[in-house]
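These are my notebook entries on a structure I went through element by element. I kept each entry to what I looked up and what I found.

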Amino acid sequence: MSGPGPRHDLPVVIVGGLHADARRAAVARLLADVPGSVVLHHDLATATAGTVVRTVRDATGILDAGEALLVNDCACCALREDLVPELVRLAEAGGTPLAVVELWDSVEPKAMAEVVTAGGFTVTGVITAVDPALVLPYLGNGDDLAEGGLAAAATDQRTVADTFARQLEYASVLALAEPLPGSPEVDDEDRELLTQLHPTARRVPIGHGDPAGAPAPSVSAPSELARAALAGFDVEAAAAAQHPACALLPAEADAHGVATLVWHRRRPFHPERLYAALEDLTCAAARSRGRFWLAGKGDTLLHWDAAGGALCVESAGPWLAALPDAAWELVPPVRRAAAALDWHPEHGDRCQHLVFTSPGLDRDGLERLLESCLLTDAEYAAGQAAWERLPPAFDTLLEV
């Protein structure tokens, strides 16, 4: 078996986000702050036609341009095949202190960080550029990416809201743009929503940049974004923080009209009652996520992921309590540690851990609705054999 490929000294920072003006401003700020840095960008506007346009530029302008074919109708595959060789070329040529990978609008940073790392490079930072005034409108936008010309491939079925949420929550740094003249002002509610959605992110104010892409004066110290970009990034830890079994979810909060409800219980949902409440639960908050336990599917950890009025429910593999002891050594330590925090003498790590974040959140009403979906005392006392006979309301949704 061959070992890992060669490592390269060229540091790489990834800058993404659906807020294109903010993203361009963040990239311009990095070019200004790190002399000699180079930006690689793959434009997927023509991806639905099967091609990707690559540009390489520095602060003076475009250095190189080319076109790559979309591989297997997969944007990630195309970038993997074209981006890594370009980074290798830059690394071998020497003289580049920082490579900035500017992702196209709907490309998600997680996949690209893993591609770059697998290619032998160190990702020193992942930045999502955000216009704070647009956070709630984008989280509430349930339109398909394709409707806005933002699909990364002809088969792309993601929505604006779920894509934006993942871009926001994966990054270690949020570059916060100033509003453009004539655009909505940012208020305390906008800032608080961003803070509660991703409380651990480092937030760096930047200028918004003019339409031509020239850097605007920075609100922060000139090198703050550059320092954040080079601070380091742990790709494995970031993946674990997004995995539903051990996700680093927001904590309880309530400020400036925005609230986060953390709902944690140790008895399963009744499948029919939960299914009947899905629409109301999905629309109760701008963003909700977590893991849950369904009676009758006691071996399966289920992932809850909702934004823009749309919900994705899918299996995230087995609960640890459902695995034989011998299999535990194959489970990452972070997963075992997360399970230990939720461990119950009878049910193991099976639990409900859902988090809802939104302006104007009706916490009491939401808690009552969630509680009504749990097994009653009598149903719970009937035991697992009885739970297995409950109507399989989720089978179609889960395709199991």
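Entry 1, strand register. I began with a residue pair and found that Leu174 stands opposite Arg203 in β8; I note here that the model is a predicted one. Going from that pair to the strands, I saw that β7, residues 173–177, and β8 pair in the parallel sense, over five bridges.

Entry 2, the sheet. I then traced the sheet to which these strands belong and read its order as β4-β3-β2-β5-β1-β6-β7-β8, eight strands in an open sheet with mixed pairing. At its edges I found β4 (61–69) and β8 (202–206), each of which pairs on one side only. From one strand to the next, I recorded an average twist of 25°.

Entry 3, a helix on the sheet. I looked up what α1 (residues 20–33) lies across, and listed β1 (11–16), β2 (38–43), β3 (51–58), β5 (99–102), β6 (122–130), β7 and β8. Relative to β1, I noted that helix α1 runs at about 155°.

Entry 4, helix α5. Is α5 (residues 160–170) largely enclosed, or is it open? I found nine of its eleven residues buried, so I wrote it down as largely enclosed by the rest of the structure. Among the buried residues of α5 are Phe164, Gln167, Leu168, Glu169 and Tyr170.

Entry 5, helix α11. For the helix spanning residues 363–373, I listed Gly365, Leu366, Leu370 and Cys373 as buried. Viewed down the axis of α11, the buried residues fall within an arc of 130°, so I recorded them as lining one face of the helix. An α-helix has 3.6 residues a turn, so residues three or four places apart point the same way. On the other side of α11 I noted Asp364 and Arg368 as exposed. When I checked what covers the buried residues of α11, I found that the cover includes β10 (258–265), α9 (271–283) and β14 (352–359).

Entry 6, aromatic rings. I counted eleven aromatic pairs in the structure. One that I looked at closely is Phe292 with Trp304, an edge-to-face pair with 5.9 Å centre to centre and 80° between the planes. Since Phe292 lies in β11 (residues 287–292) and Trp304 in β12 (residues 300–307), the pair ties together parts that are twelve residues apart in sequence. I also noted that both Phe292 and Trp304 are buried. These two belong to one aromatic cluster, together with Trp263, Phe269, Tyr275, Phe356 and Phe394.

Entry 7, a charge over a ring. I found Arg267 lying over the face of Tyr380, at 4.6 Å from the ring centre.

Terms used. Residues are numbered from 1 along each chain as its sequence is written. This is a predicted model: local features need pLDDT of at least 70, side-chain atom pairs count only at pLDDT 80 or more; totals for chains, interfaces and linings use all residues. Side-chain values use heavy atoms; hydrogens and water are left out. Buried means under 20% relative accessible area, exposed over 50%, partly exposed in between (1.4 Å probe, protein chains only). The arc is that of the directions from the helix axis to the C-beta atoms. Contact means heavy atoms within 4.5 Å. Two strands pair if DSSP finds at least two bridges between them. Axes are lines fitted to C-alpha atoms, for helices over the stretch in contact, and angles run from 0 to 180 degrees between N-to-C directions. Rings of Phe, Tyr and Trp (its six-membered ring) pair if their centres lie within 6.5 Å; planes under 30 degrees apart count as stacked, over 60 as edge-to-face and the rest as tilted. A charge sits over a ring if NZ of Lys or CZ of Arg is within 6 Å of the ring centre and within 35 degrees of the ring normal.
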